[in-house]
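Colleague: Please take a close look at the cavities in this model. I would like to know what lines them and what surrounds them.

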Amino acid sequence: MKQKRFTCLLVSAIILAGFTMCQKQFKKNTSAIAADNTISRAATNWVHPGVLNTTQTLDIVRNQISGNDTARAAAFQKVIAYTESSVYPTSFHAIIPVVASGDSEAEKQIKDNANLAYAFALRFAATSEIIWANKAIGILNGWAYAFQGYSYSGSPADQPSLEASWAAPTFVAAAEIIRYYKPNSISANWQEADIAQFKVFLNKLKDEINKMSSRGNNWWVSAGYAKMAIGVFLESKTVYDDGKSRVLSTMEGLDSYNGHDVIDPNGYVYELHQRSDDEHFQYSLTGVTYAAEIDKIQGANDIYTQKGDRILKAYGYTWRAFNEVIPAPPGISGSDVCDLSSPVYPGVEIAYKQFGTNSMRSLRNLRQPIGNVSKLFLGFTSFTHYNLDGQSGAYYPAEIPLGSTISLKGNNNKYVSSNYGN
């Protein structure tokens with residue numbers, strides 16, 4: 001009798017320990033929402049490079065390129081093609097005249113140049129060839145010394161703030177690689193005086209972003225993401241935390257979009273229906289995803305922890321929008337579906353790295369974000385982030401929704417049961 005009782009106690013202890021481990025792994029892998037919506041820790045021990053790319057991820061990509069990894073090499077060709085097909089700037093604007101459509105020549109140039117600097121930085125990271133670092137530095141320095149600000153007399157008055165929000169984080173991502181990453185121990189040799197001037201440039205962009213009135217759509221998300229990126233380069237807790245607070249507030253009703261969270265608890269992204277286009281709602285989702293990834297890199301991880309469930313559901317919602325007509329969320333009339341020819345924004349690759357769900361896999365395979373999908377957000381994410389661990393994106397097991405019933409099967413083909421209260 002004692003032996004049987006001991007055996008039962010031992011089995012119970014093993015089951016309890018296993019279930020506890022499953023719970024811990026589940027919480028880790030699915031980024032469960034925290035009970036309170038606070039900033040748990042402002043970044044103080046800064047990670048550089050720290051805007052989407054890190055030394056570790058860049059090392060993996062570089063080693064795969066040199067090892068002739070075919071998928072990585074194919075994605076890298078998109079980076080090379082972009083640098084070779086783009087016009088390298090020979091002059092830079094002091095004042096950027098803004099038009100509501102974002103189509104002035106100067107507006108186009110600053111966004112194009114930010115992406116080109118980033119592509120050159122990636123090319124340097126992958127090859128260790130200083131020529132590409134010099135190309136990136138030429139663009140970073142050109143804007144840092146020339147730029148004075150934006151001019152605009154139209155409506156809404158804060159349109160320049162949005163333009164600055166789109167340009168800033170891409171410039172920062174390029175600058176983080178050039179300043180801190182040393183492929184094969186080779187430094188880009190960006191001069192300290194130039195780095196100091198680049199900080200002046202970022203502060204001018206930050207000051208423009210700060211003029212934005214409170215908005216709950218992709219504007220406020222983009223401003224928050226941009227300020228987080230700027231905060232990393234400037235190593236400013238104040239700037240970084242303000243940016244993160246903006247991103248979180250768009251999902252807390254504090255900066256709602258026409259009375260709705262940008263992404264609500266069910267994963268609805270309201271701009272899909274309220275704007276009736278296939279891209280603006282992806283601005284919001286991409287900005288939130290990039291902000292969450294930066295925060296994870298910097299060691300706080302508040303956005304994934306508090307809002308990861310919404311982000312996960314929102315990509316499922318996006319997948320549905322590309323694959324079926326879906327009804328509008330509560331409070332919105334009509335239904336909508338994305339045109340299958342519309343771009344899939346590159347945030348899905350970052351989200352797939354985080355969550356690894358089937359719907360995200362299907363969405364990214366619909367139109368793989370292998371190139372520079374948009375001037376507004378960092379591109380080439382299939383090159384920088386896909387399959388970094390060699391598991392074809394399966395970074396985490398399939399998520400187990402809270403409240404689901406699971407079964408534990410023993411090697412005797414029998415199951416643990418809680419029937420009859422046991």
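Modeller: The lining of the second largest cavity divides into six nonpolar, three polar and no charged residues. Keep in mind that this is a predicted model. The residues behind that division are Q282, L285, T286, Y315, T318, V344, Y345, V348 and L363. Helices α11 and α12 each supply at least two residues of this lining, and α11 gives the largest share, three residues. The volume of this second largest cavity is about 40 Å³.

A word on how such spaces are found. Rolling a probe the size of a water molecule over the atoms shows where empty space is left. In this structure there are two cavities of 30 Å³ or more.

The largest cavity has a volume of about 50 Å³. Around this cavity lie N53, T57, L58, V61, R62, L122, A125, A126, F383 and T384. By class, its lining has six nonpolar, three polar and one charged residues. Three helices, α2 (55–66), α4 and α15 (381–384), each supply at least two residues of the lining. Of the elements involved, α2 gives the most, with four residues.

One lining residue of the largest cavity, F383, also has a place in the largest nonpolar core. That core has 112 residues, and F383 is among the four that touch the most other members, together with F171, I178 and F198. Helix α4 (residues 105–127) provides the largest share of the core, 13 residues. In soluble globular proteins, nonpolar side chains tend to be buried together. F198 shows what such packing looks like for a single residue: leaving aside neighbours within four places in sequence, F198 is in contact with L140, A144, F171, A175, W190 and F233.

Helices α11 and α12, which help to line the second largest cavity, also meet another helix, α9. The buried residues of α9 pack against α11 (280–297) and α12 (302–323), as well as α7 (192–209) and α8 (218–234). These buried residues are V239, Y240, D241, G243, K244, R246, V247, L248 and S249. Among them are the charged residues D241, K244 and R246.

The length of α9 can be checked by simple arithmetic. Helix α9 covers residues 237–249, which is 13 residues, and at 1.5 Å a residue the helix should span 18 Å. The expected span is 1.5 Å times one less than the number of residues. The end C-alpha atoms of α9 are 18 Å apart, so the two values agree.

Definitions and conventions
Residues numbered from 1 in each chain as written. Predicted model: local features only at pLDDT ≥ 70, side-chain atom pairs only at ≥ 80, totals over all residues. Heavy atoms only, no water. Core = buried A, V, L, I, M, F, W, Y, C linked by side-chain atoms within 4.5 Å. Buried < 20%, exposed > 50% of the residue type's maximum accessible area, 1.4 Å probe, protein only. Contact = heavy atoms within 4.5 Å. 1 Å grid on protein atoms, 1.4 Å probe; cavity = no way out; pocket = protein on both sides within 12 Å on 5 of 7 lines; lining within 4 Å. Points joined across faces, edges and corners; volume = space filled by probe spheres on them.
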